[in-house]
Amino acid sequence: MRYLFFSSLVVGLLLTSVASADDAKDEAIKKERKKIEGKWQIVELVIQGNKSKDEDAAKFTVVNDDKGAWTLWSDDRKVAMGTSTFDPTTKPKTIDFTPSEGDAKGKQFFGIYQLGKNARKLCFAPSGKVRPTEFSSTAENQHIFVTLKRIKSK
């Protein structure tokens, strides 16, 4: 009987700890989504080790909402849109996104990110490849590295 009581107590404490950890993670995700919400301009774009010209990169903007949806624009033309999920509790922080429109529709991409108040970095692998562990883009790793800055609303 004593064993059953202690076993129940331990299981109850473990379940409470797991629920608390899930709640803390959910809260961290909500806060991060709020920080990422808005319009961002690409200031640096490196694809498989090839750096785009700054003026070409600057043609692209990304608009994020606080629910995980994003839209990629080139000048005033929508290029792609989709959804993202991320985990700000990992080191490095991870992001997964799936385009719902555009050339990569339905594919899933795994990446990492850093987020500051008005700047962010994103590095992701082509669909079907392993998530990057560092912010680099080379011909060998085939990653795409993006630096963005927040466009302040007027």
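Visitor: How many residues apart are lysine 35 and glutamate 32 in helix α1?
Guide: Welcome! In this predicted model, lysine 35 and glutamate 32 both belong to helix α1, about one helical turn from each other. Their side chains meet in a salt bridge, with 3.9 Å from N to O. Counted along the helix, the separation of lysine 35 and glutamate 32 is three residues.

Visitor: Is glutamate 32 buried or exposed?
Guide: A residue counts as buried when its relative accessible area is under 20%. Glutamate 32 has a relative accessible area of 4%, so this residue is classed as buried.

Visitor: Which residues are linked with Lys35 in a network of salt bridges?
Guide: Side chains of opposite charge can pair when their charged atoms come close. You have already met one such pair, lysine 35 with glutamate 32. The network that contains Lys35 also takes in Glu32 and Lys93.

Visitor: What is the distance between the closest N and O atoms of lysine 59 and aspartate 56?
Guide: Lysine 59 is partly exposed at 38% relative accessible area, and aspartate 56 is partly exposed at 33%. These two residues form a salt bridge, and their closest N and O atoms lie apart by 3.8 Å.

Visitor: Is lysine 67 buried or exposed?
Guide: Lysine 67 forms a salt bridge with aspartate 66, whose closest approach from N to O is 3.6 Å. Aspartate 66 is partly exposed, at 29% relative accessibility. The cut-off for exposed is over 50%. Lysine 67 reaches 64%, so this residue is exposed.

Visitor: Which residues gather with Asp23 in a patch of negative charge on the surface?
Guide: Start with aspartate 23 itself, which sits in helix α1, residues 2-36. With 52% relative accessibility, aspartate 23 counts as exposed. Its companions in the negative patch are Asp22, Asp26 and Glu27.

Visitor: How many bridges pair β1 and strand β9?
Guide: Strand β1 covers residues 38-47, and β9 covers residues 144-151. One bridge partnership is that of isoleucine 47 with isoleucine 144 in β9. The two strands pair in the antiparallel sense, and the number of bridges is eight.

Visitor: Which residue stands opposite tryptophan 40 in β3?
Guide: Strands β1 and β3 run antiparallel and are joined by four bridges. Look at β3, residues 60-64: opposite tryptophan 40 is valine 62.

Visitor: Which residue takes a positive phi in the hairpin of β1 and β2?
Guide: β1 and β2 run antiparallel, with two bridges between them. Here isoleucine 47 stands opposite asparagine 50. The hairpin has two residues between its strands, and the one with a positive phi near 50° is glutamine 48.

Definitions and conventions
Residues numbered from 1 in each chain as written. Predicted model: local features only at pLDDT ≥ 70, side-chain atom pairs only at ≥ 80, totals over all residues. Heavy atoms only, no water. Pairing = 2+ DSSP bridges. Patch = residues over 30% accessible without salt bridge, like charges linked within 9 Å, V, L, I, M, F, W, Y side chains within 5 Å. Areas by Shrake-Rupley, 256 points an atom, 1.4 Å probe, with all protein chains shown as cover. Salt bridge = Lys/Arg side-chain N within 4 Å of Asp/Glu carboxyl O. Lys, Arg positive; Asp, Glu negative; His and termini not counted. Charge placed at Lys NZ, Arg CZ, Asp CG, Glu CD. Buried < 20%, exposed > 50% of the residue type's maximum accessible area, 1.4 Å probe, protein only.
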